[in-house]
Amino acid sequence: MAVDPTTITPIQPVNPVQPPPQPPSNNSKDGNSPITDRDYLDKIVTQNTRKYTVAKAEFSVPCMPSMVDQALKLLQDYCAVLGKPGTPEEQQKLREFLGQKLREGFKASPHSRLVMMCVPAKPEVGLLGGVSIQTKVISESLSDKYTTWPKTRPDPLFGSEPDFKVMDVAASLGEASQVRVLDVGAGPGRNSLPLARRGHPVHALELTPVFAEKLVQAAKPENLPIEVAIGNVLDPLVRMQPYYYHYVVSSEVISHFRDAQELRLFFGKMSDALMTGGKLLVSLFLTEGGYEPTDLVRELGEVSFSSIFTPAELRQSIEGLPLKMLTVEAALEYEKQHYQGSSWPPTPWYEGWCSGRNLFPIEKKPPTQLYWVLMERS
């Protein structure tokens, strides 16, 4: 986990100590007479109490560049309550700074967070000294995030049953021992293990070491034909055996991709790995009804493990590659229809995630959902 702390003071006034209220006119001939006007003195003392008043606040937001105005408003509202709203110039400087930090964090990882802390600029004089804004970006990779899941979530993390679309396609490909399978993003083996039990020689590629180790340990007692490798499928140095596999599976992986370029890279590598006539099955979120997502929606899609693509982007990602789309089916509907487990859904989050409601928490149908896309290499 990388931490990049930066301290700035864009809201702190140049002269934070406010001048005291002007005293009432003194009609006394004696200029040394004490001021006894109670209203005036109460105003002076009220202001002086701010020297002994200290306020601190911490806000944490996802590093989504499109959230810059929301992040700024959090700070503006808080500082206004403290009587330190800042000048328009200071607010613009703060907005530019926040935008920079959000962009840096999001580029590092969609799971980065921007922590904003409001503290007294001069603790010895409390609120009289103004407000200082301190920030830090905390970046967490996808592998880091998944590594913490076993510590905070009960097994099985992704359900105990395989994807039924994965198994149905496998059953249609002939004698299992003759059908070599690549499982990209295998996790703890929810699909790799059942495929190996059918007799398929399975190569499993997994990003997160803790999941890869779970898969290795699960395969040992049954001596299953599974080879496990740790790596990121999008890493140029991670290469699959070319023209080797009859069936490539990638379930719940593309939902982590960051843009259409990564989608294109993925399909290029998969087409290289497949034999002629081989099948590629992937799950991904596609938009519906002609919906065109905004930058804000796309950014939150990455944050919520629901990266979305338009049908046009999917078509463009395989243009010129030896891949032909065979079927596009709604994943939730297919899996629910074929589910054979003891209780539905397979995990508490599955239905909401597949239906696009992690991104759009609405009762009506969201403009995106998870699809199974089956392709064939020509």
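Guide: One word before we start: a residue is buried if its relative accessible area is under 20%, and exposed if that area is over 50%. Also, what you're looking at is a predicted model.

Visitor: Cool. So which residues of helix 2 are buried?

Guide: Val68, Ala71, Leu72, Leu75, Tyr78 and Cys79.

Visitor: And where do the buried residues of helix 2 fall, seen down its axis?

Guide: They sit within an arc of 135 degrees, so they line one face of helix 2.

Visitor: What covers them?

Guide: Several elements do, including strand 2 (57-62), helix 3 (88-108), strand 3 (113-120) and strand 4 (131-139).

Visitor: How far apart are the end C-alpha atoms of helix 2?

Guide: They're 20 Å apart. Helix 2 covers residues 68-81, and at 1.5 Å a residue its 14 residues should span 20 Å, so the two values agree. Just after the helix you'll meet Gly83, which has a positive phi of about 80 degrees.

Visitor: Back to Tyr78. Which ring does it pair with?

Guide: With Phe59, and the pair is edge-to-face. The ring centres are 6.0 Å apart, with 75 degrees between the planes. Phe59 belongs to strand 2 and Tyr78 to helix 2, so to speak two distant parts of the chain, 19 residues apart.

Visitor: Why do Phe59 and Tyr78 count as buried?

Guide: Phe59 has a relative accessible area of 18%, and Tyr78 comes in at 16%. The cut-off is 20%, so each value falls under it.

Visitor: What about Phe164 and Tyr339, how are their rings arranged?

Guide: Their centres are 6.1 Å apart and the planes meet at 80 degrees, so this pair is edge-to-face. Phe164 lies in helix 5 (residues 164-171), while Tyr339 is in the loop between helix 11 (331-338) and helix 12 (350-354), so the pair ties together parts 175 residues apart in sequence.

Visitor: Buried or exposed, those two?

Guide: Phe164 is buried at 9% relative accessible area, and Tyr339 is buried at 19%.

Visitor: Which residues form the aromatic cluster with Phe164?

Guide: The cluster has Phe164, Phe285, Tyr339, Trp344, Trp349, Tyr350 and Trp353. Trp344 has another feature to look at: a cis peptide bond joins it to Pro345, with omega about 5 degrees. You'll find Pro345 in the loop between helix 11 and helix 12.

Visitor: Why point out a cis bond?

Guide: Most peptide bonds are trans, and most residues other than glycine have a negative phi.

Visitor: OK, so which residues other than glycine have a positive phi?

Guide: Asn223 is one of them, with phi about 55 degrees, and Phe305 is another, with phi near 60 degrees. Asn223 sits in the loop between helix 7 (209-219) and strand 7, and Phe305 in the loop between helix 9 and strand 10.

Visitor: Are Asn223 and Phe305 buried or exposed?

Guide: Asn223 counts as exposed, at 68% relative accessibility, whereas Phe305 is buried, at 15%.

Visitor: New topic: strand 5. Which way do its residues point?

Guide: In strand 5 (residues 181-184), Val181 and Asp183 point one way, and Leu182 and Val184 the other. All of them are buried. In a regular strand, side chains alternate between the two faces of the sheet.

Visitor: Which strands does strand 5 bridge to?

Guide: Four bridges join it to strand 6 (residues 202-206), running parallel, and three join it to strand 8 (residues 245-250), also parallel. Leu182 has His203 as its bridge partner in strand 6, and Asp183 has Val249 in strand 8.

Visitor: What unit do strands 5 and 6 make with helix 6?

Guide: A right-handed β-α-β unit, with helix 6 at residues 192-197.

Visitor: Last one: what is Met240 in contact with?

Guide: Leaving aside neighbours within four places in sequence, its contacts are Leu182, Leu205, Val233, Tyr245, Lys269, Met270 and Ala273. Met240 and Ala273 are 33 residues apart in sequence, but 5.9 Å apart in space, C-alpha to C-alpha. Met240 is in the loop between strand 7 (226-230) and strand 8, and at 14% relative accessibility it counts as buried.

How values were computed: Residues are numbered from 1 along each chain as its sequence is written. This is a predicted model: local features need pLDDT of at least 70, side-chain atom pairs count only at pLDDT 80 or more; totals for chains, interfaces and linings use all residues. Side-chain values use heavy atoms; hydrogens and water are left out. Buried means under 20% relative accessible area, exposed over 50%, partly exposed in between (1.4 Å probe, protein chains only). Two strands pair if DSSP finds at least two bridges between them. A crossover is right-handed if, with the strands pointing away from the viewer, the path from the first strand over the helix to the second runs clockwise. The expected span of a helix is 1.5 Å times one less than its number of residues. The arc is that of the directions from the helix axis to the C-beta atoms. Contact means heavy atoms within 4.5 Å. Rings of Phe, Tyr and Trp (its six-membered ring) pair if their centres lie within 6.5 Å; planes under 30 degrees apart count as stacked, over 60 as edge-to-face and the rest as tilted.
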